Amino acid sequence: MNITTASGEGSAASKDSSTSQKGIKTDGNITVTDTDVTISAADDAVHSNAGITIRSGSVEVSSSDDGITASGDLVIDGGTVTVTKSYEGLEAANVTINGGTVSITSSDDGINCAGGSDTTSEDDRPWSTGSDAKLTINGGSVYVNASGDGLDSNGSIYITGGTTIVEGPSASGNGALDKGDGNGCVASITGGTVLAIGTSDMAVNFDSGTQCSALVSLSGSEGTVISADDGSDFSFTATKSFTSVVYSSSSMSQGSTYTIKADSESAGIDFSSSLYYSNVSSMGGGMGGRGGFAGGDMR
């Protein structure tokens, strides 16, 4: 069993304002290896003013604020990470998921990169508001159920592998996917399987990479089964209402047509002229930040 910190303090959640209400906090780096951690906290469950690396083991957290947050990089190489309750699930300057199983439930953003300063906590540090923030998913299994933005980067999103399922907002003003609107900000897909459902007003598709991706207008509610006729046998049963679907898989190829279904409703997708297909008119993504509005408040 191993939890190492360069320096800092670990404390249980407390109603006493003179002590930290964070579960584990440190000014240095946190590394989790071969251990089981369960935390319920009034403030951030796991908080580092530097970086966090989870290599193996199990981390289960519940927080009235953020689940796991780092001022530097948050890297998940393996193990099981479960955020059962949070304002924002994972939050850091950059988030990289290389493997493992990640499950997040949040009342705002599921994963937020470079979200700004958390003004609810004195020792939180502001992140850069530039467009160099990155959310990268290279492998593993990722599930996000968010009332705000699902995957939110104030810079770019890169997905190269694994399976990512996002159940984004059912209310307007946020999107299942949200990238920055600065120069060079992209939502890139080069591998893996992605399903992202949410509202249509802020829906965005991937716009870079080597793998086909479709954004279609489809609606459903809890219990609706979403599937595609791409030969992958992928299907997912929604737990909440939605009006748009983003789907990408390595089973789809340019020059072909496919159908995405939500129970009896269906949408045809045509990749004859592009890797990216959309029949949704939306306000687009932009820097959702914390709070989830286009050109958001950077918090």
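Buried here means under 20% relative accessible area, exposed means over 50%, and partly exposed is in between. Keep that handy for the exercises below, and remember that the model is a predicted one.

**Exercise 1. Find the salt bridges, then say where their residues sit and how buried they are.**

Start with the cut-off: a side-chain nitrogen of Lys or Arg has to lie within 4 Å of a carboxyl oxygen of Asp or Glu. By that rule you get two salt bridges.

Take K22 and D43, whose closest N and O atoms are 3.3 Å apart. K22 is in the loop between β2 (9–10) and β3 (24–26), while D43 is in the loop between β5 (36–41) and β6 (46–48), so this pair ties together parts 21 residues apart in sequence. Now apply the burial classes: K22 and D43 are both buried.

Next come K179 and D207, with 3.5 Å from N to O. K179 belongs to the loop between β19 (177–178) and β20 (187–189), and D207 to the loop between β21 (193–198) and β22 (208–209), so the pair links parts that are 28 residues apart in sequence. K179 has 18% relative accessibility, so it counts as buried. D207, at 37%, is partly exposed.

**Exercise 2. Work out how the nonpolar residues are grouped, and look at the contacts of L151.**

The largest nonpolar core holds 49 residues, and I68, L90, I111 and L151 have the most contacts inside it. Zoom in on L151: leaving out residues up to four places away in sequence, its contacts include I111, L135, I137, V144 and I157. T164 and D178 are also among the residues L151 touches. There's a second, separate core too, with 24 residues, including I197, A214, V216 and A262.

**Exercise 3. Check for disulfides and classify C113 and C185 by burial.**

Searching the whole structure turns up zero disulfides. For burial, C113 has a relative accessible area of 0%, so it is buried. C185 comes in at 8% and counts as buried.

**Exercise 4. Lay out the sheet that contains β27 and pick out its edge strands.**

First write down the order: β25-β24-β27-β28, four strands in an open sheet with antiparallel pairing. Then look for strands with a single partner: these are β25 (235–237) and β28 (265–270), so each has one side without a neighbour in the sheet. From one strand to the next, the twist averages 15°.

Finally, zoom in on one pairing. β27 (residues 257–262) pairs with β28 in the antiparallel sense over six bridges. As for the register, T257 sits opposite D270 in β28.

Key
Residues numbered from 1 in each chain as written. Predicted model: local features only at pLDDT ≥ 70, side-chain atom pairs only at ≥ 80, totals over all residues. Heavy atoms only, no water. Core = buried A, V, L, I, M, F, W, Y, C linked by side-chain atoms within 4.5 Å. Buried < 20%, exposed > 50% of the residue type's maximum accessible area, 1.4 Å probe, protein only. Contact = heavy atoms within 4.5 Å. Disulfide = S-S within 2.5 Å. Pairing = 2+ DSSP bridges. Helix = DSSP H or I, 4+ residues; strand = E, 2+ residues; numbered from the N terminus. Axes fitted to C-alpha atoms, helices over the stretch in contact; angles between N-to-C directions.
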